[in-house]
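Thanks for making the time this morning. Please have the sequence and the model open on your screens while I talk.

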Amino acid sequence: MIKAVISGTGLYTPPAIIENDQLVEAFNQYVELYNDEHAEEIARGELTALQPSSSAFIEKASGIKRRHVIDRDGILDPRRMTPNIPDRDNEEPSVQCEMAIVACKEALEQAGKTTADVDAVIVACSNLQRAYPAISIEVQQAMGIDGFAYDMNVACSSATFGIQAAVNAVENRSARAVLVVSPEICSGHLNFRDRDSHFIFGDACTAILVEREENTQAGQGFEILGTRLKTQFSNNIRNNFGFLNRADESGIGKPDKLFIQQGRKVFKEVSPLVADTIQGHLASLQLTPEDLKRMWLHQANLNMNQLIARKVLGRDATVEEAPVILDEYANTSSAGSIIAFHKHKDDLKTGDLGVICSFGAGYSIGSVVVRHR
């Protein structure tokens with residue numbers, strides 16, 4: 001029986017940083033401009049005046065302190081409030097491909113492997129720059145990998161669903177090793193004019209190498225003990241932008257063509273669903289929450305993660321048991337749990353158990369239980 005192992009991880013972090021204070025300053029300037037421009041309508045009761053934001057509100061609501069982004073200036077321009085990422089010539093590498101290459105190279109280096117050892121690339125992320133050709137095939141070519149590649153999107157659970165697909169490919173012998181890459185440019189779909197969500201997202205790219213245990217050194221990496229996927233349809237997190245957008249001019253530019261959510265409903269409905277999924281997954285592997293050394297959870301909201309960890313463990317988790325990276329990175333969609341894994345795995349010892357769990361729009365939940373070799 002072939003066993004799948006995570007032998008290496010990589011991370012690309014954009015150099016540009018936006019602190020909460022900087023984001024709030026730009027947002028509040030936009031609010032002032034909007035209210036001045038629409039003063040008469042507001043006075044007549046036809047429009048509601050926009051309310052300013054604050055760093056204290058952001059940190060209390062989310063735990064986020066800053067975020068890394070591909071472009072800083074466009075976001076902080078109160079008359080633009082959108083990242084400035086120019087189109088590239090078709091012969092140039094895409095932005096997502098460039099991000100992916102950096103993360104993939106680190107994952108391969110960490111695993112002690114080269115592109116000759118890899119047979120497949122899965123680009124799994126919330127938003128893709130184009131419909132086709134697949135970003136994954138572009139990454140495959142740029143890395144010089146012989147084999148196959150495809151894109152997949154399960155929103156914030158894309159990376160863990162991608163790991164499941166990689167495990168399948170490794171265990172059924174269709175690939176010796178698979179790179180699962182999540183180039184998330186979340187700033188591109190975020191409405192920076194919306195007080196309730198303008199602070200949520202950041203940009204990053206992660207890569208994970210999944211390969212056959214027989215091709216790894218003794219004690220290297222993490223054995224994947226099992227994966228579990230769960231989906232349940234909900235409209236509470238949504239983005240309606242797509243290739244049919246231009247087919248109805250009335251919808252162009254509407255708020256629902258960017259990220260929208262009903263945050264309180266998401267918090268209330270997803271938290272118990274995630275905890276139940278993790279507990280059920282552990283039970284199916286004859287494990288208990290007490291066996292867990294670490295939980296690398298999706299990094300969307302600190303309060304949500306603390307609640308989920310409490311439901312799973314039956315007590316509050318320590319920062320070592322449930323590490324947090326969203327204070328530095330904000331929500332990077334599917335990359336979040338993998339960033340946490342990448343940064344907080346090296347101190348674990350042989351036999352230590354952990355779970356990588358992501359969750360988000362769909363609803364979708366992906367759970368990956370691993371054991372340090």
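I will go through one residue, one pocket and one pair of helices.

Please keep in mind throughout that this is a predicted model. Let me begin with Ile 163, which sits in helix α7, the run covering residues 158-171. Is Ile 163 buried or exposed? Its relative accessible area is 0%, and because buried is defined as under 20%, Ile 163 counts as buried. If we set aside the neighbours within four places in sequence, the residues in contact with Ile 163 are Val 180, Ile 208, Ile 224, Ile 338 and Val 368. As for Val 181, it is 18 residues from Ile 163 in sequence, and the two C-alpha atoms are 9.6 Å apart in space.

Next comes the second largest pocket, whose volume is about 180 Å³. Its lining is made up of 14 residues, and those that lie nearest the centre are Leu 302, Gln 306, Ala 317, Thr 318 and Ala 322. Two elements, β11 (292-297) and α9 (302-313), each give two or more residues to that lining, with α9 supplying the largest share, four residues. By class, the lining divides into eight nonpolar, four polar and two charged residues.

Helix α9 also leads us to the last part, since its axis comes within 9 Å of that of helix α8 (residues 263-284), the two crossing at roughly 40 degrees, in a right-handed sense. Among the residues making this contact are Val 266, Phe 267 and Val 270 of α8, and Met 304, Leu 307 and Ile 308 of α9. Sorted by class, the contact has 11 nonpolar, three polar and one charged residues.

Notes: Residues numbered from 1 in each chain as written. Predicted model: local features only at pLDDT ≥ 70, side-chain atom pairs only at ≥ 80, totals over all residues. Heavy atoms only, no water. Buried < 20%, exposed > 50% of the residue type's maximum accessible area, 1.4 Å probe, protein only. Contact = heavy atoms within 4.5 Å. 1 Å grid on protein atoms, 1.4 Å probe; cavity = no way out; pocket = protein on both sides within 12 Å on 5 of 7 lines; lining within 4 Å. Points joined across faces, edges and corners; volume = space filled by probe spheres on them. Nonpolar A, V, L, I, M, F, W, Y, C, P; charged D, E, K, R; others polar. Axes fitted to C-alpha atoms, helices over the stretch in contact; angles between N-to-C directions. Left-handed = near helix turned anticlockwise from the far one by under 90°.
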